[in-house]
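Welcome! Have the sequence and the 3D view ready, and let us walk through this protein together.

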Amino acid sequence: MTLVSPADLDRACADVAGRVVRTPLLPVPGTGHPLWLKPENLQTTGAFKIRGAYHRIASMTDAERARGVVTHSSGNHAQAVSWSARAFGTSAVVVMPDTAARVKIDATRALGAEVLTTAPELYRDKAHELAAEHGYTLVPPFDDPHVIAGQGTVGREILEDLPGDLTVLVPVGGGGLVSGVAAAVKQGRPGSRVIGVEPALAGDAAESVRTGRISHWTAARTGRTVADGLRTPALGRLNWEHIRAYVDDIITVTEEEILESARFLATRAHLVAEASGAVTTAGHLFHGDLLPAELPRVAVVSGGNADPDWLATLWN
């Protein structure tokens, strides 16, 4: 498989420039180690996913876009595809698990997409069936070179804003974000480290790194974590190749660590993060002994589309 190249990242940066929010790096003092946050929760659709979705649709031919697009997503990619499809004047059909947060389903519909829900173990296959039946162009959430390159623009911005070698902490679900960020960071600054972070209750990627092959977990198993955006049962094949090439390690965090980190982000950094977006801060706060002591850290806060009822429980 061909990995994302610097030229691919250049094209992605050109496509998203002026279309997505160029999020800043926010320093967070007083955590015992230099830490910056990359707040992708400030994106128009509330998460980093808009980068990959927009670049993927921008890279299509006119004929591919004219057929309409389809995707499968637990929520953030759904909104990103819906927003991007509307920006290009095409239609979007989104298949979501019936366990998806209501706030994400409603937001996707509000952006003009047709939303279908089905069981968590079926929604990915349903999207592929619709593409075959109706001729829609599929926009994968992670296992796609254009999507990976689009997410890699996060890494490019980090390098532009902070000099020197870094440790970059990136959430891991299907692997699109960590693949793109790792490619950008390692190609641009090889002395830096890229560490993936995922919930222990959905730790298929960490298990994959330990065993040397892609691990597959059931939807019931990954569904135990509160981090709904990271419940993907397995890494994509292209994502796995990027992880093998560029990611230094993947660590896991507990559910309580995720919740405590979401509280920390709200009170100390004034950022609303969904559980999936808080895992990297949890890696910094609770597992610093697993990270390089000599390098400053950047934690990617991947999204902020949190269910209001869940947010309320953080202080109960």
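Which helix gives the most to the lining of the second largest pocket? That helix is α6, with four residues. Bear in mind as we go that this is a predicted model.

**The two pockets**

The second largest pocket has a volume of about 380 Å³. It is lined by 23 residues, and those closest to its centre are His72, Arg124, His128, Phe142 and Pro233. The largest pocket has a volume of about 550 Å³. Its lining counts 40 residues, with Ser74, Asp228, Gly229, Leu230 and Thr232 nearest the centre. Two or more lining residues come from each of α4 (76-87), α6 (123-134), α8 (176-188), α10 (219-222) and α13. Here the top contributor is α8, which supplies three residues.

The table sets out the make-up of each lining by class.

| Pocket | Nonpolar | Polar | Charged |
|---|---|---|---|
| Largest pocket | 15 residues | 20 residues | five residues |
| Second largest pocket | 13 residues | five residues | five residues |

**Two helix pairs**

Next, look at how some helices pack. α12 and α13 meet at an angle of about 95°, and their axes are 7 Å apart. Angles of 65 to 115 degrees count as roughly perpendicular, so α12 and α13 are roughly perpendicular to each other. On the α12 side, the contact is made by Glu257, Ile258, Glu260, Ser261, Ala262, Phe264 and Leu265. From α13 come Ala275, Gly277, Ala278, Val279, Thr281, Ala282, Leu285 and Phe286. By class, the residues of this contact are 10 nonpolar, three polar and two charged.

The second pair is α4 with helix α5 (residues 102-110), which pack at an angle of about 5° with their axes 9 Å apart. Angles under 35 degrees count as roughly parallel, and α4 is therefore roughly parallel to α5. In this contact, α4 brings Asn76, Ala78, Gln79, Ser82 and Arg86, while α5 brings Lys104, Ala107, Thr108 and Ala110. These residues divide into three nonpolar, four polar and two charged.

**A loop residue and a helix residue**

Where is His270 found? Look in the loop between α12 (255-268) and α13 (275-286). Most residues other than glycine have a negative phi. His270, which is not a glycine, nevertheless has a positive phi of about 60°. Is His270 buried or exposed? Its relative accessible area is 67%, and exposed means over 50%, so His270 is exposed.

Gly150, in contrast, is buried, with a relative accessible area of 0%. This glycine lies in helix α7 (residues 145-161). Leaving aside residues up to four places away in sequence, Gly150 touches Ala12, Arg51, Gly52 and His55. Gly150 and Ala63 are 87 residues apart in sequence, and their C-alpha atoms are 21 Å apart in space.

**Around α9**

Finally, turn to helix α9 (residues 204-211), in which Asp204, Ala205, Ala206 and Ser208 are buried. What do the buried residues of α9 pack against? Their partners are β8 (193-199), α11 (237-246) and β9 (249-253). Just after α9 comes Gly212, which takes a positive phi of about 80°.

Notes. Residues numbered from 1 in each chain as written. Predicted model: local features only at pLDDT ≥ 70, side-chain atom pairs only at ≥ 80, totals over all residues. Heavy atoms only, no water. Buried < 20%, exposed > 50% of the residue type's maximum accessible area, 1.4 Å probe, protein only. Contact = heavy atoms within 4.5 Å. 1 Å grid on protein atoms, 1.4 Å probe; cavity = no way out; pocket = protein on both sides within 12 Å on 5 of 7 lines; lining within 4 Å. Points joined across faces, edges and corners; volume = space filled by probe spheres on them. Nonpolar A, V, L, I, M, F, W, Y, C, P; charged D, E, K, R; others polar. Axes fitted to C-alpha atoms, helices over the stretch in contact; angles between N-to-C directions. Parallel < 35°, antiparallel > 145°, perpendicular 65-115°, else oblique.
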